[in-house]
Amino acid sequence: MTWVEAIVLGIVQGLTEFLPVSSSGHLRITSAIFFERDAGASFTAVTQLGTEAAVLIYFAKDIWRITRTWLVGITDKSVRSSLDYRMGWYVIVGSIPIGLFGFLFKDQIRTAGRNLWLVATTLIVFAFVLAFAEYWGRQTRTLQNFRMSDGVVMGFAQAMALIPGVSRSGGTLTAGLLLNLTREAAARYSFLLAIPAVVMSGIFSVGDVFEPAAPGTSAPSVAQMIVATVIAFAIGYAAIAWLLRYVAHHTLYVFVLYRVALGTLVLALLMTGTISAT
């Protein structure tokens, strides 16, 4: 991997991780168009540690309060009715699907799941699903009305993002809107829900990311991996604040249009042989 490649991919990861446009899909597409090779699923997982560190810092007070209340609630029944205690369980239970499917389909995620025909198609298909959710969702419920069933549904939606092009935040936002949550409530739970899955995925992928690259892939050096992750952290932190402000006052249709346009562009490049699907 070149330094330009590492820096560019770090920027792309930071910009797209929290937007409903699929950061893994963008890394795959950027690699194919500009570098004619695939940085790999492990590179994506490790750079996500940078953006997830941004979540941990941005929501540090909330995370500490939820964690402390959940731990206290294990033995103290008086706090079990609080939102913070329940939110701790919502995040734990909601994280199970992506952990289970990630383990079962690890090999497919790293190989067939990165085919650009699939990435482009999922970008377009799930754009229309997101548009339907934005149109149909009544947005009458806040986190105060959140239930365990909501956490399970959004957890399965997050698991779908194991396929590049679906988008973890896009999947959870879509599910949240279909459950009639406000965009801001869905986004906040989405941020919290990502923490266990992304951190564990990144940690388990550290060993793989430095292995000799397979044909058509590139492997970073330790220094390049660190720089890309730090860049992703810095840009990702700013993206969190922007997205929370944006969803509070705007619809998600701009992301729908962007996903369709990008997916269509990738399909056109594939059809003309400009880029390779694998």
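# Helix crossings and buried residues

Guide: In this predicted model, α9 passes α10 in a right-handed crossing. On the α9 side the contact is made by Arg168, Ser169, Thr172, Leu173, Gly176 and Leu177, and on the α10 side by Arg183, Ala186, Ala187, Ser190, Leu193, Ala194 and Val198. Sorted by class, the residues of this contact divide into 7 nonpolar, 4 polar and 2 charged.

Visitor: What makes α9 oblique to α10?

Guide: The axes of helix α9 (residues 168–178) and helix α10 (residues 183–209) come within 9 Å and cross at roughly 135°. An angle counts as roughly antiparallel over 145 degrees and as roughly perpendicular from 65 to 115, and the crossing angle of roughly 135° falls in neither range, so α9 is oblique to α10.

Visitor: Which residue other than glycine lies in the loop between α9 and α10 with a positive phi, and how do you know whether that residue is buried or exposed?

Guide: Asn180 lies in the loop between α9 and α10, and its phi is near 70°, a positive value in a residue other than glycine. Its relative accessible area is 9%, and the term buried applies under 20%, so Asn180 is called buried.

Visitor: What is said of Ser167, in the loop between α8 and α9, and why is this residue called buried?

Guide: Ser167 has a positive phi of about 90° although it is not a glycine, and its place is in the loop between α8 (148–159) and α9. The relative accessible area of Ser167 is 3%, and because this value is under the 20% limit, the residue is classed as buried.

Visitor: Why are α3 and α11 called oblique to each other?

Guide: The axes of helix α3 (residues 41–58) and α11 come within 7 Å and cross at roughly 45°. Roughly parallel would need an angle under 35 degrees, and roughly perpendicular would need one from 65 to 115; the angle of roughly 45° meets neither condition, and α3 and α11 are therefore oblique to each other. In this pair α3 passes α11 in a right-handed crossing. The contact includes Val46, Thr47, Leu49 and Gly50 of α3, and among the residues of α11 that take part are Met225, Ala228, Thr229 and Ala232. By class this contact has 16 nonpolar, 5 polar and no charged residues.

Visitor: How do you know whether Thr229 is buried or exposed, and which residues does Thr229 contact?

Guide: Thr229 is in helix α11 (residues 222–249), and its relative accessible area is 15%, under the 20% limit, so Thr229 counts as buried. Leaving aside neighbours within four places in sequence, Thr229 is in contact with Val46, Thr47, Leu49 and Gly50.

Visitor: What does UniProt list for "transmembrane region", and how much helix does the chain hold over residues 222–244?

Guide: The unreviewed UniProt entry lists residues 87–105, 117–136, 191–210, 222–244 and 256–277 under that name. Over residues 222–244 the model is 100% helix and 0% strand, with the end C-alpha atoms 33 Å apart, while over residues 87–105 the chain is 95% helix and 0% strand, with the end C-alpha atoms 28 Å apart.

Visitor: What makes α2 oblique to α7?

Guide: The axes of helix α2 (residues 23–35) and helix α7 (residues 116–136) come within 10 Å and cross at roughly 130°. That angle is outside the range of 65 to 115 and is not over 145, which means that α2 is oblique to α7. The crossing of α2 and α7 is left-handed. Gly25, Arg28, Ile29 and Ala32 in α2 meet Leu116, Val119 and Leu123 in α7, and by class this contact has 5 nonpolar, 1 polar and 1 charged residues.

Visitor: Why does Ala112 count as exposed, and why is Leu83 called buried?

Guide: Ala112 is in the loop between α6 (106–110) and α7, and its relative accessibility of 53% is over the 50% limit, so Ala112 counts as exposed. Ala112 and Thr278 are 166 residues apart in sequence, and their C-alpha atoms are 8.4 Å apart in space. Leu83 is found in helix α5 (residues 83–104), and its relative accessible area of 19% is under 20%, so Leu83 is buried. Not counting residues up to four places away in sequence, Leu83 touches Leu143 and Gln144, whereas the C-alpha atoms of Leu83 and Thr44, 39 residues apart along the chain, are separated by 33 Å.

Technical notes. Residues numbered from 1 in each chain as written. Predicted model: local features only at pLDDT ≥ 70, side-chain atom pairs only at ≥ 80, totals over all residues. Heavy atoms only, no water. Axes fitted to C-alpha atoms, helices over the stretch in contact; angles between N-to-C directions. Helix = DSSP H or I, 4+ residues; strand = E, 2+ residues; numbered from the N terminus. Left-handed = near helix turned anticlockwise from the far one by under 90°. Contact = heavy atoms within 4.5 Å. Nonpolar A, V, L, I, M, F, W, Y, C, P; charged D, E, K, R; others polar. Buried < 20%, exposed > 50% of the residue type's maximum accessible area, 1.4 Å probe, protein only. UniProt positions renumbered as here; feature names shortened; annotations may be inferred.
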